[in-house]
Amino acid sequence: MKYSHQHCVTFAIALCLAAASHAAVTPEEAAALKTTLTPMGGELAGNRDGTIPAWTGGLEASPASSSGRRADPFAADRKLYSISSKNMAEYEGKLSEGSKALFKKYPDSFRIDVYPTRRSASAPRWVYDNTFKNATRGKLSAALVPQDVYGGIPFPIPKSGAEVMWNSLLMWRGQAWTTDLQAFLSTADGQNVMTVDARTNLQMPYYFQNSSLEKFNGEYLLAKIVNSGPAIRAGEAFVGRVGLDDSKSRTWLYLTGQRRVRRLPNSCCDTPSPASAGVMSFDEIGVYGGSLERFNWKIVGKKEMLVPYNANRILAPNKSAAVLSGHHFNPDYVRWELHRMWVVEATLASGQRHTAHRSVYYVDEDSWMAVLGDRYDAQGKLWKTLFQLPVAINDLPGVVGGPYGFADLLSGTGFVAQLWNDKNSQYRIQPPLPDSAFTADTLAGEGVR
């Protein structure tokens with residue numbers, strides 16, 4: 001067959017367009033969300049030896065505790081076994097590199113207590129329905145920006161590492177919620193210094209039930225943080241409006257010393273976040289919370305791994321000091337389980353700069369939460385291990401991100417945020433606030449000191 005010059009040009013353009021955008025899955029593929037996959041894309045069946053059970057619906061909706069403090073729905077479960085530095089080798093095939101490094105760095109104190117696997121991830125029916133729609137209409141542009149997705153997991157049957165990470169960024173965690181929290185920096189000698197004591201209001205317009213894809217303007221997360229402590233930071237406030245297209249994201253900071261609101265010029269990637277007192281970068285919030293543009297993303301595979309999960313027991317003590325023990329959490333309060341995780345590798349793209357040249361992320365197949373992450377420096381050394389503790393919320397229902405942070409394996413320092421122990425209310429579900437609550441004008445009007 002002979003091809004004309006015009007035919008060749010047309011074919012080349014078609015190939016370029018195909019490469020520039022990841023297409024949605026076919027209706028036949030999407031049908032698996034009603035047969036062999038959960039409504040959000042996890043494997044419905046358990047594993048071969050029964051250590052991971054089948055998904056049977058996850059958490060069922062129930063009223064919140066009247067006390068405002070979160071109960072442990074699996075408090076009656078008994079520990080199966082413990083892993084220490086002495087028997088770590090027996091389980092290393094199911095451990096992240098960061099977890100293994102913590103055993104080696106802190107052999108006398110770090111421990112993993114393993115409990116029965118509870119596949120508690122769930123969501124309301126309308127989130128499942130939107131997830132099914134997203135499967136066949138959602139696309140990822142050449143700039144790695146999701147298109148034609150709303151109100152559910154954007155890519156429940158992912159074809160690329162970038163799609164897995166967008167599932168994590170857009171995981172179900174409610175329409176709007178507020179938390180009172182603290183954050184701590186751990187020093188190289190194991191001291192914990194409070195850096196943040198704040199109230200946060202967050203909401204996800206992406207998940208507004210009374211809206212639609214047609215009305216969605218691309219801003220998927222709105223955040224307002226007001227600090228009450230420590231004393232040097234009391235009165236500081238922060239507002240962020242995060243978009244699918246990160247070039248349109250906007251953040252403002254109210255500085256008490258200047259008594260003015262300032263627009264942050266760069267709230268992306270490895271820029272230090274003011275909400276963490278500059279200790280954690282923007283894209284380390286919740287293991288990964290930033291733009292995808294600086295990295296090449298690859299699915300390494302799916303793996304059965306021991307990870308923190310259903311970690312409600314860490315909320316029980318009424319003092320943060322009880323769950324902090326030097327360079328890591330007190331192992332008595334962290335529940336680990338065996339779950340299937342998507343393993344995604346990020347390598348620095350050509351012409352880009354970042355403090356981390358390579359990272360590996362572990363994303364839960366059921367909730368799509370990035371639970372663990374490992375970052376490597378320019379010399380290829382394992383630098384930071386990141387974590388986020390999934391917490392089961394019956395009144396949502398669903399699994400949301402609880403305490404998160406990192407351990408710096410080179411310096412011995414660390415950081416943990418979103419500790420709720422000293423607070424009377426832990427992750428309070430609420431109706432969405434007016435859009436005007438998340439503006440620079442609001443910060444100026446509420447400014448103190």
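**Buried rings, a closed cavity and two cis bonds**

Phe-110 counts as buried, at 8% relative accessibility (buried means under 20% relative accessible area, exposed over 50%, partly exposed in between, with a 1.4 Å probe and protein chains only). The model is predicted, so local features need pLDDT of at least 70 and side-chain atom pairs count only at pLDDT 80 or more, while totals for chains, interfaces and linings use all residues. Residues are numbered from 1 along each chain as its sequence is written, and side-chain values use heavy atoms, with hydrogens and water left out.

The structure holds 20 aromatic pairs (rings of Phe, Tyr and Trp, the last by its six-membered ring, pair if their centres lie within 6.5 Å; planes under 30 degrees apart count as stacked, over 60 as edge-to-face and the rest as tilted). Phe-110 and Trp-336 form an edge-to-face pair, 6.5 Å centre to centre with 80° between the planes. Phe-110 lies in the loop between H3 and strand E2 (112–114) and Trp-336 in strand E14 (residues 335–348), so this pair ties together parts that are 226 residues apart in sequence. Here, helices (H or I, at least four residues) and strands (E, at least two) are DSSP runs, numbered from the N terminus. Trp-336 is likewise buried, at 6% relative accessibility.

The ring centres of Phe-329 and Phe-387 are 5.5 Å apart and the planes stand at 70°, so this pair is edge-to-face. It links distant parts of the chain, with Phe-329 in strand E13 and Phe-387 in strand E17, 58 residues apart. Both Phe-329 and Phe-387 are buried. Elsewhere, Trp-126, Tyr-150, Trp-172, Tyr-206, Tyr-207 and Phe-216 form one aromatic cluster. Charges also sit over rings (NZ of Lys or CZ of Arg within 6 Å of the ring centre and within 35 degrees of the ring normal): Arg-358 lies over the face of Tyr-376, at 4.6 Å from the ring centre, and Lys-384 over the face of Phe-406, at 4.1 Å.

Phe-329 and Phe-387 appear again in the largest cavity, where they are among the residues nearest its centre, along with Leu-102, His-327 and His-328. A cavity is a set of points, on a 1 Å grid over the protein atoms alone, where a 1.4 Å probe fits but cannot get out; lining residues have an atom within 4 Å of a point. The count comes to 5 cavities of 30 Å³ or more, and the largest holds about 350 Å³ of space (grid points are joined across faces, edges and corners, and a volume is the space filled by probe spheres set on the points). Its lining has 29 residues, and E17 gives the most, with 4. By class, the lining has 18 nonpolar, 10 polar and 1 charged residues (Ala, Val, Leu, Ile, Met, Phe, Trp, Tyr, Cys and Pro count as nonpolar, Asp, Glu, Lys and Arg as charged, and the others, Gly among them, as polar).

The backbone has its own points of interest. The peptide bond from Gly-229 to Pro-230 is cis, with omega near -5°, and Pro-230 lies in the loop between strands E7 (219–229) and E8 (237–243). The bond from Leu-396 to Pro-397 is also cis, with omega near -15°; Pro-397 is found in the loop between E17 and E18. Cys-269 has a positive phi, near 60°, in a residue other than glycine, and is buried at 1% relative accessibility.

How values were computed: On a 1 Å grid over the protein atoms alone, a cavity is a set of points where a 1.4 Å probe fits but cannot get out, and a pocket is an open set with protein on both sides within 12 Å along at least five of seven lines; lining residues have an atom within 4 Å of a point.
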